[in-house]
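Please examine the sequence and the structure shown below. The paragraphs that follow lead from a single loop residue to the chain as a whole and then to its helices.

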Amino acid sequence: MMNEGAASDALPAAAVQARPSRVSLPPKGSCWYCDKPVDSVRRFCGKDCTDAFDEEAEYTR
Ligand SMILES: [Zn+2]
């Protein structure tokens with residue numbers, strides 16, 4: 001039986017997105033805090049932005 005199409009719908013994406021934190025953010029090629037372009041595997045341009053993002057996440061949850 002080949003049922004690949006149906007199986008791929010069962011990704012637990014909701015579980016991952018339920019509690020967003022910086023470690024679960026996908027690297028998008030720019031800093032998540034200030035939008036400065038960064039390495040494609042990084043999420044933030046530096047520790048300052050990482051810390052600032054964490055602080056905002058605390059306030060806005
Ligand atoms: Zn930044």
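**A loop residue and its setting**

Aspartate 35 is found in the loop between α2 and α3. Helices here are DSSP runs of H or I with at least four residues, strands are runs of E with at least two, and both are numbered from the N terminus. The model is a predicted one, in which local features need pLDDT of at least 70 and side-chain atom pairs count only at pLDDT 80 or more, whereas totals for chains, interfaces and linings use all residues. Residues are numbered from 1 along each chain as its sequence is written.

Although aspartate 35 is not a glycine, it has a positive phi of about 65 degrees. Aspartate 35 is also exposed, with 11 other C-beta atoms within 10 Å. A residue counts as exposed if 12 or fewer other C-beta atoms lie within 10 Å of its own, as buried if there are 20 or more, and as partly exposed in between; the C-beta atoms are placed from the backbone.

The chain as a whole contains 3 helices and 0 strands, and it follows the pattern α-α-α when read along the sequence. Of its 61 residues, 3% are buried. Contacts are defined by C-beta atoms, placed from the backbone, that lie within 7 Å of each other. Among contacts with a separation of 6 or more, 11% involve residues 24 or more positions apart.

How confident is the predictor, on average, in the chain? The mean pLDDT, a confidence given for each residue from 0 to 100, is 78 for the chain, and 61% of the residues score at least 70. Among the elements, helix α2 (residues 13–17) has the lowest mean pLDDT, 47, and helix α3 (residues 47–60) has the highest, 91.

Helix α3 can be checked against its expected span, defined as 1.5 Å times one less than its number of residues. The 14 residues of α3 should span 20 Å, and the end C-alpha atoms are 20 Å apart, which agrees. The number of buried residues in α3 is 0, so this helix lies largely in the open.

Three residues of α3 illustrate its surroundings. Threonine 50 is found in helix α3 and counts as partly exposed, because it has 17 C-beta neighbours inside 10 Å. The C-alpha atoms of threonine 50 and cysteine 31 are 9.0 Å apart, with their positions 19 residues apart in sequence. Alanine 52, also in helix α3, is partly exposed with 14 other C-beta atoms within 10 Å. Its C-alpha atom is separated by 9.9 Å from that of cysteine 34, 18 residues apart along the chain. Glutamate 56 lies in helix α3 too, but is exposed, with 11 other C-beta atoms within 10 Å. Glutamate 56 and tyrosine 33 are 23 residues apart along the chain, and their C-alpha atoms are separated by 9.6 Å.

Notes
Contact = placed C-beta atoms within 7 Å. pLDDT = per-residue confidence, 0-100.
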